[in-house]
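Here is a friendly walk through the inside of a protein model. Keep the structure open beside the text as you read.

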Amino acid sequence: MNGGSVVRPGALAPPQADAAALRDAYRHCRRVAAAHGRSYYLATRLLSADRRPAVHALYGFARTVDDIVDDPHAADDPQRAVRTLDAVEHGLRAVWSQPVRGPVTPRTEPALPAAFDRVLPALTDTVARFAIDPRHFWTFLDSMRMDIPGSPLFRDRYSTMAALHEYMRGSAAAIGLQLLPVLGTVGPAAEAEPAAAALGDAFQLTNFLRDIGEDLDRDRIYLPAAELAAFGVDEALLLDCRRTGRTDRRLRRALAHLIAVNRDLYRCARPGIELLSPRVRPGIRTAAALYAAILDRIEDSGYAVFAQRAVVPQRRRLRLAAHAALGT
């Protein structure tokens with residue numbers, strides 16, 4: 001398999017997976033990443049061949065969980081997604097020989113999605129090969145539970161930036177910490193962890209700023225109420241902007257402030273890129289540049305986040321990737 005490196009002491013033991021099934025799992029994850037994570041997929045093209053499959057595996061797992069959270073049958077059975085996530089966690093803990101939290105959910109109630117079984121061999125191989133701490137997956141799953149009505153952890157509004165950061169600790173920072181062992185560092189990994197977490201948060205906040213209209217349609221607000229209120233923005237104003245497709249001047253000011261906060265996260269993460277293995281730095285610079293460019297598009301549109309989705313044109317994406325690869 002071309003998906004990793006030598007297992008380090010303390011890592012999970014690699015399972016005796018069927019070689020063909022493992023190759024198929026990695027191919028499936030690559031297709032998922034190419035179809036749904038265009039910016040990340042372009043950035044991974046700059047990584048070495050031995051690291052790309054592992055990044056695809058981590059993305060494939062995250063996307064599979066996201067699909068569980070967005071299960072269209074959840075309206076008929078609000079607990080369905082909660083039970084499925086519990087089953088996913090128990091399934092991972094069983095395969096990875098990890099202690100189980102809470103009551104065990106039988107595998108057949110509900111049945112795990114077929115996509116999970118397709119991802120699992122690649123994910124388990126990646127976790128074992130790169131000695132990724134399983135705790136980052138439990139943190140991630142807890143944040144996903146915060147998105148599911150019927151879960152005790154459910155939230156659809158965030159009062160402060162601190163509360164939003166608690167959500168992003170699992171939905172974003174944990175992803176950065178999962179990736180860090182795959183990317184490799186030039187010194188102790190612990191020194192690079194704060195920057196990796198900050199970059200995950202930066203990506204996530206960019207998503208929230210870009211997708212505010214879509215999130216409102218799902219009865220979600222992932223921007224902190226206190227930050228919005230400082231500029232005279234409340235939920236009623238957000239809904240009116242969504243209805244009319246126009247961005248009120250008060251909201252434009254609030255978005256400008258939050259974009260500045262977002263750019264500060266990218267600045268905090270930037271020094272950490274230099275702590276990564278030299279071969280992976282161009283790929284991570286590219287991912288950061290491509291995502292940060294979404295903020296430019298929001299500004300260039302006059303903050304028209306309700307009228308159009310901020311998308312970085314392909315030509316600019318390629319230009320940014322070229323500059324990032326050269327470190328310019």
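The report below looks at a helix, a loop residue, the nonpolar core and the cavities of this predicted model.

**Helix 6 and its last residue**

Let us begin with helix 6, which is mostly covered, with 8 of its 11 residues buried. Those buried residues are His136, Phe137, Trp138, Phe140, Leu141, Ser143, Met144 and Arg145. Their cover includes helix 3 (52–69), helix 4 (80–95), helix 5 (114–129) and helix 7.

Arg145 deserves a closer look. Helix 6 spans residues 135–145, and Arg145 lies in it. With a relative accessible area of 9%, Arg145 falls under the 20% cut-off and therefore counts as buried. Its side chain is joined to that of Asp142 by a polar contact of 2.9 Å. Leaving aside neighbours within four places in sequence, Arg145 is in contact with Leu85, Asp86, Glu89, Arg101, Ser151, Leu153 and Phe154. Val69 is 76 residues away along the chain, yet the C-alpha atoms of Val69 and Arg145 are separated by 7.8 Å.

**A buried loop residue**

Thr247 sits in the loop between helix 11 (235–244) and helix 12 (249–273). Thr247 is also buried, because its relative accessibility of 10% is under 20%. The side chain of Thr247 reaches the backbone oxygen of Tyr303 at 2.6 Å. Beyond its neighbours within four places in sequence, Thr247 has contacts with Cys241, Arg252, Leu255, Tyr303, Ala304, Val305 and Phe306.

The two polar contacts can be set side by side:

| Side chain | Partner | Distance |
|---|---|---|
| Arg145 | Asp142 side chain | 2.9 Å |
| Thr247 | Tyr303 backbone oxygen | 2.6 Å |

**The nonpolar core**

In soluble globular proteins, nonpolar side chains tend to be buried together. The largest nonpolar core here has 96 residues, and those touching the most other members are Phe61, Leu92, Leu123, Phe137, Leu209, Leu223 and Leu251. Helix 7 (residues 161–183) gives this core its largest share, 12 residues. As for Leu251, its contacts outside the neighbours within four places in sequence are Leu228, Val233, Leu238, Cys241 and Phe306.

**Enclosed space**

How many cavities of 30 Å³ or more does the structure hold? There are 3 of them, and the largest has a volume of about 40 Å³. This largest cavity is lined by Phe208, Ile212, Asp215, Leu216, Arg220, Ile221, Tyr222, Leu223 and Leu238. Helix 9 (residues 212–217) contributes the largest share of that lining, 3 residues. By type, the lining residues divide into 7 nonpolar, no polar and 2 charged.

Terms used. Residues numbered from 1 in each chain as written. Predicted model: local features only at pLDDT ≥ 70, side-chain atom pairs only at ≥ 80, totals over all residues. Heavy atoms only, no water. Helix = DSSP H or I, 4+ residues; strand = E, 2+ residues; numbered from the N terminus. Buried < 20%, exposed > 50% of the residue type's maximum accessible area, 1.4 Å probe, protein only. Contact = heavy atoms within 4.5 Å. Polar contact = N/O pair within 3.5 Å; in protein donor to acceptor, adjacent residues only side chain to side chain. Core = buried A, V, L, I, M, F, W, Y, C linked by side-chain atoms within 4.5 Å. 1 Å grid on protein atoms, 1.4 Å probe; cavity = no way out; pocket = protein on both sides within 12 Å on 5 of 7 lines; lining within 4 Å. Points joined across faces, edges and corners; volume = space filled by probe spheres on them. Nonpolar A, V, L, I, M, F, W, Y, C, P; charged D, E, K, R; others polar.
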